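Please consider the arrangement of side chains in the structure shown below. The paragraphs that follow lead through a few of its residues and their surroundings.

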Amino acid sequence: MADVKRVERPLSPHLQIYRPQLTSITSILTRITGNGLIVGTMLAVWWLLAAATSPEYFAVADAVATSWFGDLVFTLSAWALWYHYLAGIRHLIYDAGKGLDIPTAEKLGWACIIGSVVLTVLTVVIV
């Protein structure tokens, strides 16, 4: 049998040595915010179900929803909703074949991040 020589091949980049790009970070954030919206939705649905169940149960759910924890969850949910919305618009632009060059893609990524923060602050102030 012939001797099999193992060829030393370079390893794929690991997370320890790979420098994340803005486009990859915004893509990951889109997935995280999409899943994170479930938490705010569950709290809102729990609050509505408690309102339909009994006054005592509603008092418990209302105490949680109006506490600092509820305020934090709903504020982060507002940010997640705005970010996910803007990222969806960005993907529609990509689907149209526009903005696929690196400088424009990075500008759209920053627009999603900064726009979502500004829109969240406006939402919290107005509502």
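Tyr57 belongs to helix α2 in this predicted model. With a relative accessible area of 35%, Tyr57 is classed as partly exposed, because that class covers the values between 20% and 50%. Apart from residues up to four places away in sequence, Tyr57 is in contact with Trp46 and Ala50. Another residue to set beside it is Trp47: the C-alpha atoms of Tyr57 and Trp47 lie 9.1 Å apart in space, with 10 residues of separation in sequence.

The contact with Trp46 has a polar component, since the side chains of Tyr57 and Trp46 make a polar contact at 2.7 Å.

The two residues also meet through their rings. How many aromatic pairs does the structure hold? There are 5 aromatic pairs, and one of them is formed by Trp46 and Tyr57, in an edge-to-face arrangement with 6.2 Å from centre to centre and 80° between the planes. This pair links distant parts of the chain: Trp46 is in helix α1, which covers residues 22-53, while Tyr57 is in helix α2, which covers residues 55-65, and the two are 11 residues apart. Trp46 is itself partly exposed, at 25% relative accessible area. A pair of aromatic rings is described by two quantities, the distance of the centres and the angle of the planes. The angle of 80° for Trp46 and Tyr57 counts as edge-to-face because it is over 60 degrees.

Trp68 and Phe69 form an aromatic pair as well, again edge-to-face, with 6.2 Å between the centres and 85° between the planes. Is Trp68 buried or exposed? Trp68 is exposed, with a relative accessible area of 67%, whereas Phe69 is partly exposed at 41%.

Helix α1 also contains Thr33. The relative accessibility of Thr33 is 2%, and the residue therefore counts as buried. Which residues surround Thr33, once its neighbours within four places in sequence are left aside? Thr33 is in contact with Trp79, Ala80, Tyr83 and His84. For His84, the separation from Thr33 is 51 residues in sequence but 6.3 Å in space, taken from C-alpha to C-alpha. The side chain of Thr33 also reaches a backbone atom, the oxygen of Thr30, at 3.0 Å.

A second threonine, Thr120, is placed in helix α4. Thr120 has a relative accessible area of 8% and is therefore buried, as values under 20% are. Not counting residues up to four places away in sequence, Thr120 touches Thr75, Ala78, Trp79 and Trp82. Trp79 thus appears in the surroundings of Thr120 and also in those of Thr33. Within its own stretch of chain, Thr120 has a side-chain polar atom 2.6 Å from the backbone oxygen of Ser116.

The next residue along, Val121, is likewise part of helix α4, which runs through residues 102-126. Is Val121 buried or partly exposed? At 48% relative accessibility, Val121 counts as partly exposed. Val121 contributes to a nonpolar surface patch of about 950 Å², together with Trp110, Ile114, Val117, Val118, Leu122, Val125, Ile126 and Val127. Val121 can be a member of such a patch because its 48% is over the 30% relative accessible area that patch residues need. Helix α4 therefore holds both the buried Thr120 and the partly exposed Val121.

Key: Residues numbered from 1 in each chain as written. Predicted model: local features only at pLDDT ≥ 70, side-chain atom pairs only at ≥ 80, totals over all residues. Heavy atoms only, no water. Patch = residues over 30% accessible without salt bridge, like charges linked within 9 Å, V, L, I, M, F, W, Y side chains within 5 Å. Areas by Shrake-Rupley, 256 points an atom, 1.4 Å probe, with all protein chains shown as cover. Salt bridge = Lys/Arg side-chain N within 4 Å of Asp/Glu carboxyl O. Helix = DSSP H or I, 4+ residues; strand = E, 2+ residues; numbered from the N terminus. Buried < 20%, exposed > 50% of the residue type's maximum accessible area, 1.4 Å probe, protein only. Polar contact = N/O pair within 3.5 Å; in protein donor to acceptor, adjacent residues only side chain to side chain. Contact = heavy atoms within 4.5 Å. Phe/Tyr/Trp six-rings, centres within 6.5 Å; stacked < 30°, edge-to-face > 60°.
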